[in-house]
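Colleague: I would like to learn how to read a model like this one. Can we go through it feature by feature?

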Amino acid sequence: MIAPPKTIQQLTARAQQLAGKSIGELAEQHGDKSPKDLSVEKGWQGQFIERCLGADAGNLSQPDFSLIGVELKTLPIDYSGNVQESTYVSVVDINKSLGTSWRQSVVYHKLQHVLWVPIARRKGEPVNQSTIATPFLWQPSVAQEALLKSDWENAMELISMGKIHQLNARMGEILQVRPK
């Protein structure tokens, strides 16, 4: 669809061009069609934005923009700017994650530099009427990274002790591991 960005500045410029557009308008511009119900096609919106911006990682366990180390996350918000749901980061591959340090983990690498693309939508509003708000780049502060690391290590400890069944969405201060 579009070549991967070569710099963070190029990605930022592309992302800023999306601000204020509806998903329907953007889909039409790119010859795509938005689904009627996101609960049926859960990942469509994020994958669509990735294609619009030139993400190149596909389903690999690495940041979406591999050349520049940036992960893309859509952020469902209401028109007041309130976040509507949690954001999925990565699968925890138990076989690969056990014995891995925080800095070697997929989660660490994906959360080192994130392009957040907020998408505003009213309950019941068709997906194509959702509006892209102003995208922004984020990197965790030292304190935020310490919280992420602690949450990740606590989850990995439960998994390594064979207590995976104890994981739930209420654990973790800012990072949650949810069993599927």
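Modeller: We start with the whole chain, then turn to one helix and one strand.

Modeller: Keep in mind that this is a predicted model.

Colleague: How many helices and strands does the protein chain have, and in what order do the elements run?

Modeller: The protein chain has six helices and four strands. From the N terminus the order is α-α-α-β-α-α-β-β-β-α. The radius of gyration is 17 Å, close to the 16 Å from the globule rule for 180 residues, so the chain is as compact as a globular protein of that length.

Colleague: What does the C-alpha trace span along its principal axes?

Modeller: About 50 × 35 × 30 Å.

Colleague: What share of the residues counts as buried?

Modeller: Buried means under 20% relative accessible area. By that cut-off, 38% of the 180 residues are buried. The exposed surface of the chain is about 10500 Å², with 50% of it from carbon and sulfur atoms.

Colleague: What share of the contacts joins residues 24 or more positions apart?

Modeller: Take the contacts with a separation of 6 or more. Residues 24 or more positions apart account for 59% of them.

Colleague: Where do the charges sit on average?

Modeller: Compare the mean positions. Those of the 19 positive and 18 negative charges are 2 Å apart.

Colleague: Now the helix. Is α3 mostly covered or mostly open?

Modeller: Count its buried residues. Helix α3 covers residues 44-53, and eight of its 10 residues are buried. Among them are W44, F48, I49 and L53. The list also includes E50 and Q45.

Colleague: What do the buried residues of α3 pack against?

Modeller: They pack against two helices, α1 (8-18) and α2 (23-29), and three strands, β1 (71-77), β2 (114-120) and β3 (131-132). After α3 comes G54, with a positive phi near 90 degrees.

Colleague: β2 is on that list. Why is β2 described as largely enclosed?

Modeller: Seven of its seven residues are buried, so the rest of the structure largely encloses β2. Check each face. V114, W116, P118 and A120 are buried on one side. L115, V117 and I119 are buried on the other.

Colleague: Which strands pair with β2, and in which sense?

Modeller: Read the sense and the bridges together. β1 pairs with β2 in the parallel sense over seven bridges. There, T74 has V117 of β2 as its bridge partner. β4 (residues 136-138) pairs with β2 in the antiparallel sense over three bridges. V114 stands opposite W138 of β4. β3 also runs antiparallel to β2, joined by two bridges. A120 has T131 of β3 as its bridge partner.

Technical notes:
Residues numbered from 1 in each chain as written. Predicted model: local features only at pLDDT ≥ 70, side-chain atom pairs only at ≥ 80, totals over all residues. Heavy atoms only, no water. Rg over C-alpha atoms; globule rule 2.2 N^0.38 Å. Buried < 20%, exposed > 50% of the residue type's maximum accessible area, 1.4 Å probe, protein only. Contact = heavy atoms within 4.5 Å. Areas by Shrake-Rupley, 256 points an atom, 1.4 Å probe, with all protein chains shown as cover. Lys, Arg positive; Asp, Glu negative; His and termini not counted. Charge placed at Lys NZ, Arg CZ, Asp CG, Glu CD. Pairing = 2+ DSSP bridges.
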